[in-house]
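User: Could you take a close look at one part of this protein for me, the helix packing around H6? I'd like the contacts spelled out, and then how the rest of the fold sits alongside.

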Amino acid sequence: MTETTALLTPKPLYVEVAELVRQQIYSRELEPGSWIDEMKMVEKFGISRTPLREALKVLAAEGLVTMKPRRGAYVTEVSEKDLHDVYHLLSLLESDAAAVVAEKASDEQLQQLHDLHHDLEQAVSNADQFFHINERFHMALLAMCDNRFLSQTVADLRKVMKLNRHQSLFKRGRIEDSLKEHSAIMQHLNNRNAEATRQAMQAHFRNGLAAAASRS
C-alpha cells in the first residue's frame, strides 16, 4: 500500500455511524434521556448491529451516551453537577491556553482570531451560525498552543458541553453578552496581556455556565 493510498483509506463504518448519531444528539433529534432504538437505527442506516454497537461504545466513551445493563443505550442527561464540572475544567484549561496565546501568538495567528471574531459579529442574528463560529474560535485558539493533549482533552469536554451549550445561546441576550466577552478577550490578546486574557476567558465561561444552568 502506498502512502497516498493509505491517506485515502475510508474510515471504518462504525466511525461514520458514530458521527451520524452524534449529530442527531447535538440537533436534539435524539433528546437527552431518550432510549436509542438500535433496531430502528439499523434499518434507517441500512447496516448490521455490529457497527452500530461499536459506534455507541465510542459515544459512551465521549460521555454522549450512557449504557445501562440489560436496558441498552440512552442519550446522556447532563445534570447540574455535570455542567459545573465540565465548565470548571474548560475554564481552567482554556483560560490557561488564552494566556499562552497572549504571550506567544504571532501577528498572523492573532489576525486569524480577529477574522473569526469578525465572523462572530456578523452572525449575531443567527444562533446556529454563531455557535459554530464560536466553536471554531475556541478550537483555533487552542491549536495555537500547540499542545495536542490539551486540544484533545478540551475537544472531549466540549462534546459533553454541547448537550446543553447550544440551547443556552437561544436565551435572550446571551449571544450579545457572549460577543461582548469575546471582544474583551480579543482586546487583551491584542495588548499581549496574559493575565487579563486569562481572567476574561474565565469570566466568559463563568457567564456561559450561568446561562447553561439557568432554567428560565
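Analyst: Quick bit of vocabulary before the numbers: axes here are lines fitted to C-alpha atoms, for helices over the stretch in contact, and angles run from 0 to 180 degrees between N-to-C directions. Bear in mind, too, that this is a predicted model.

With that in hand, start with H6 and helix H9 (residues 174-190): their axes come within 11 Å and cross at roughly 160 degrees. Angles over 145 degrees count as roughly antiparallel, and H6 and H9 therefore run roughly antiparallel to each other. The handedness of this crossing is left-handed. As for who touches whom, H6 brings Leu110, Leu113, His114, His117, Leu120 and Glu121, and these meet Leu179, His182, Ser183, Met186, Leu189 and Asn190 of H9. Sorted by class, the residues of that contact come out as six nonpolar, five polar and one charged.

Now for the other partner. Helix H6 (residues 107-122) also packs on helix H7 (residues 127-143), at an angle of about 165 degrees and with the axes 9 Å apart. H6 and H7 are therefore roughly antiparallel to each other as well. Here too, H6 passes H7 in a left-handed crossing. On the H6 side the contact uses Gln112, Leu113, Leu116, His117, Asp119 and Leu120, while H7 supplies Phe130, Ile133, Asn134, Arg136, Phe137, Ala140 and Leu141. That set divides into eight nonpolar, three polar and two charged residues. If you lay the two contacts over each other, Leu113, His117 and Leu120 of H6 turn up in the contact with H9 and also in the one with H7.

For a contrast in geometry, go back towards the N terminus. Helix H3 (residues 38-45) and helix H4 (residues 49-62) pack at an angle of about 115 degrees, and their axes are 10 Å apart. H3 passes H4 in a right-handed crossing. Glu38, Met39, Met41 and Val42 of H3 make this contact with Arg49, Leu52, Arg53 and Leu56 of H4. By class you get five nonpolar and three charged residues, with no polar ones.

After those helices comes the strand part. Strand S1 (residues 65-68) pairs with strand S2 (residues 72-75) in the antiparallel sense, over four bridges. Val65 has Val75 as its bridge partner in S2, and Lys68 has Gly72. Three residues sit between the strands of this hairpin, and Arg70 takes a positive phi near 65 degrees there.

There's also a ring contact to look at, and the count of aromatic pairs comes to one. The ring centres of Tyr87 and Phe205 are 6.3 Å apart and the planes sit at 70 degrees, so the pair is edge-to-face. Tyr87 belongs to helix H5 (residues 80-104) and Phe205 to helix H10 (residues 194-213), so the pair ties together parts that are 118 residues apart in sequence.

Zooming out, the protein has 10 helices and two strands. Along the sequence the pattern reads α-α-α-α-β-β-α-α-α-α-α-α. The C-alpha trace spans about 55 × 55 × 30 Å along its principal axes.

Terms used. Residues are numbered from 1 along each chain as its sequence is written. This is a predicted model: local features need pLDDT of at least 70, side-chain atom pairs count only at pLDDT 80 or more; totals for chains, interfaces and linings use all residues. Side-chain values use heavy atoms; hydrogens and water are left out. Two strands pair if DSSP finds at least two bridges between them. Angles under 35 degrees count as roughly parallel, over 145 as roughly antiparallel, 65 to 115 as roughly perpendicular and the rest as oblique. A crossing is left-handed if the near helix is turned anticlockwise from the far one by less than a right angle, and right-handed if clockwise. Contact means heavy atoms within 4.5 Å. Ala, Val, Leu, Ile, Met, Phe, Trp, Tyr, Cys and Pro count as nonpolar, Asp, Glu, Lys and Arg as charged, and the others, Gly among them, as polar. Rings of Phe, Tyr and Trp (its six-membered ring) pair if their centres lie within 6.5 Å; planes under 30 degrees apart count as stacked, over 60 as edge-to-face and the rest as tilted.
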